[in-house]
Amino acid sequence: MAPAPDLLQSKRLRKPLVLLLMLASAALPALAQQSSRLIVATFPDLDRAAKAAAGRWAQLHPRVELKIVSLQYADHHTAMTTALATGSGLPDVMALDFRFIGKFAASGGLEDLAQPPFNAMALRDQFVRYSFPQAINAKGALAAIPTDIGPGTLLYRKDIADRAGVSELELTQSWDSYLAAGKKIKAATGAYLMADASDLRDILLRSGLKDGEGIYFDGQGKVLVESPRFVQAFELGREARRAGLDAKVAAWTNDWAAGFKQGRIATQMMGAWLTGHLRNWLAPETTGLWRSTTLPGGLHASYGGSFYAIPKKAANKQAAWDFIRLMAADKDTQLNSLRVLDTFPALIAAQQDPLMEEPIAFLGGQKARLLWRDIASKVPAVPVNKHDATATNIIRDEFEQVLTEGKDIAKALKDARVLIEHRARRR
């Protein structure tokens, strides 16, 4: 799943590295003397799933104390990067978000869970088929196990669409019809179609992918950002901005949350887990007004997900592996995480449970989990690359120049390719 960050902590606010090291050192003491303790390093809201499973863990492992250490999303991943680099302050279990899985998988600091004594590849067929490849690095090592996934969906305000006379088919039939529907919504209600044109860009970058094809790199490491897929993503994002269809607000900001609460944003393309965030803390007062549907143009995509890994220098690897199996491969625990967090389980057995058929009040009684299960079954198995995070940031910067400075798209994508290749050679 994606993080549930404090909305007051935007990307502009970051703790200095020294403070992060202090936090990591204080929270994650030297583990050599903690063999009867299992330390799990995680982040909000995923930490709630671990806390919800604490009672079950205590029953199964009464002699192994479970200590859950949680830092804010960015701080957690920075602290874990530092811990792996220095070998100090390492937990037994490390939670990782999809955005960072490629980087961590390539770091060499995590156990290959495909190897004995873990032999995790025996579990692969029990999980959604695209989830395991996301955690396999270029050397074929399995660096982590998926626990939840993010089937891509279009969440839309049915009340706003109805006021504008816009049908669900108009929102989903094609990307052109989606933008046309946005113009009708804006004219009739004043609401924006989307929060930011970057939402359109990000989802379109995943269009047309097949099993084994990366978003930014092919199997040989060639940079793909000048492909027609990227051109289309940039062009449609620019079209949305020029037509005034986006509110120009970034995700996870106060303005973004306010847009949902005040009915100023009519749709949001993201992982299905956003439903839980909207219901629980972003816009609970909008219960019953939202619906979930497929992404426009028949696109099936993954948006986020969470993983658990074991550092090579972890002190309690057997207990760590037991914990990961409990969180990821135990049906009851997966279903409990769904109830607590509205995460979507990576485990197929959990997806087959009758709980999937329960109506969701926040979505007007829609049985949306059946839709999300169908979407998840059609998402291609897209591999990750250790430079994905770097490529993402570069593409975002170039896209912003296209929108705000009128930079030529072909020039922007060429510059992005050159910079990505340069950064990749340095690391």
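Start by selecting Leu 200 in this predicted model. Leaving out residues up to four places away in sequence, Leu 200 touches Trp 175, Tyr 178, Leu 179, Met 194, Leu 236, Gly 237, Ala 240 and Met 269. Show those side chains as sticks and keep them on screen for a moment.

Now widen the selection to the nonpolar core. The largest one has 143 residues. Leu 200 is among those with the most contacts inside this core, along with Leu 38, Ile 145, Tyr 178 and Phe 323. Helix H13, residues 317-329, supplies the largest share of this core, with eight residues.

Go back to Leu 200 and colour the helix around it, H9, which runs over residues 197-204. How many of its eight residues are buried? The count is eight of eight, and the helix is mostly covered. Click along it and you'll pass Ala 197, Ser 198, Asp 199, Leu 200, Arg 201, Asp 202, Ile 203 and Leu 204. So what covers them? The list includes helix H8 (175-189), H10, strand E5 (267-271), E7 and helix H17 (388-405).

From the start of H9, hop to Ala 250. Ala 250 and Ala 197 are 53 residues apart in sequence, yet their C-alpha atoms are 9.4 Å apart in space. You'll find Ala 250 in the loop between helix H10 (228-242) and helix H11 (254-261). Ala 250 is partly exposed, at a relative accessible area of 43%.

Time to zoom out. The whole protein has 18 helices and eight strands. Its radius of gyration is 21 Å, close to the 22 Å that the globule rule gives for 427 residues, so the protein is as compact as a globular protein of that length. The C-alpha trace spans about 65 × 50 × 40 Å along the principal axes. Buried residues make up 57% of the 427. Take the contacts between residues at least 6 apart in sequence, and 74% of them join residues at least 24 apart.

For one pair that is far apart in sequence, select Ala 329, in helix H13. Ala 329 and Gln 126 are 203 residues apart in sequence, but 7.9 Å apart in space, C-alpha to C-alpha. Setting aside neighbours within four places in sequence, Ala 329 is in contact with Phe 127, Ile 324 and Leu 347. Is Ala 329 buried or partly exposed? Its relative accessibility is 24%, so it counts as partly exposed.

Next stop, helix H5, residues 98-105. Six of its eight residues are buried, so the helix is largely enclosed by the rest of the structure. Highlight them: Phe 98, Phe 100, Ile 101, Gly 102, Phe 104 and Ala 105. They pack against helix H4 (73-86), strand E3 (93-97) and strand E7 (302-309).

H5 also leads you to a pocket, the second largest one. H5 gives the largest share of its lining, three residues. About 600 Å³ of space lies in this pocket. To find the middle, select Ala 106, Asn 137, Ala 138, Lys 139 and Val 384, which lie nearest its centre. There are 32 lining residues in total. Colour them by class and you get 13 nonpolar, 12 polar and seven charged.

Finish with some backbone oddities. Most residues other than glycine have a negative phi, and most peptide bonds are trans. Here are the exceptions to look up:

- Pro 44 to Asp 45: this peptide bond is cis, with omega near -5°. Asp 45 sits in the loop between strand E1 (37-42) and helix H2 (46-52).
- Pro 116 to Pro 117: another cis bond, with omega near 5°. Look for Pro 117 in the loop between H5 and strand E4 (145-157).
- Asn 119: it has a positive phi of about 50° although it is not a glycine. Asn 119 also lies in the loop between H5 and E4. With 39% relative accessibility, Asn 119 counts as partly exposed.
- Asp 342: another non-glycine with a positive phi, about 65°. Asp 342 is in the loop between helix H14 (331-341) and strand E8 (344-345). At 13% relative accessibility, Asp 342 counts as buried.

Key. Residues numbered from 1 in each chain as written. Predicted model: local features only at pLDDT ≥ 70, side-chain atom pairs only at ≥ 80, totals over all residues. Heavy atoms only, no water. 1 Å grid on protein atoms, 1.4 Å probe; cavity = no way out; pocket = protein on both sides within 12 Å on 5 of 7 lines; lining within 4 Å. Points joined across faces, edges and corners; volume = space filled by probe spheres on them. Helix = DSSP H or I, 4+ residues; strand = E, 2+ residues; numbered from the N terminus. Nonpolar A, V, L, I, M, F, W, Y, C, P; charged D, E, K, R; others polar. Buried < 20%, exposed > 50% of the residue type's maximum accessible area, 1.4 Å probe, protein only. Core = buried A, V, L, I, M, F, W, Y, C linked by side-chain atoms within 4.5 Å. Contact = heavy atoms within 4.5 Å. Rg over C-alpha atoms; globule rule 2.2 N^0.38 Å.
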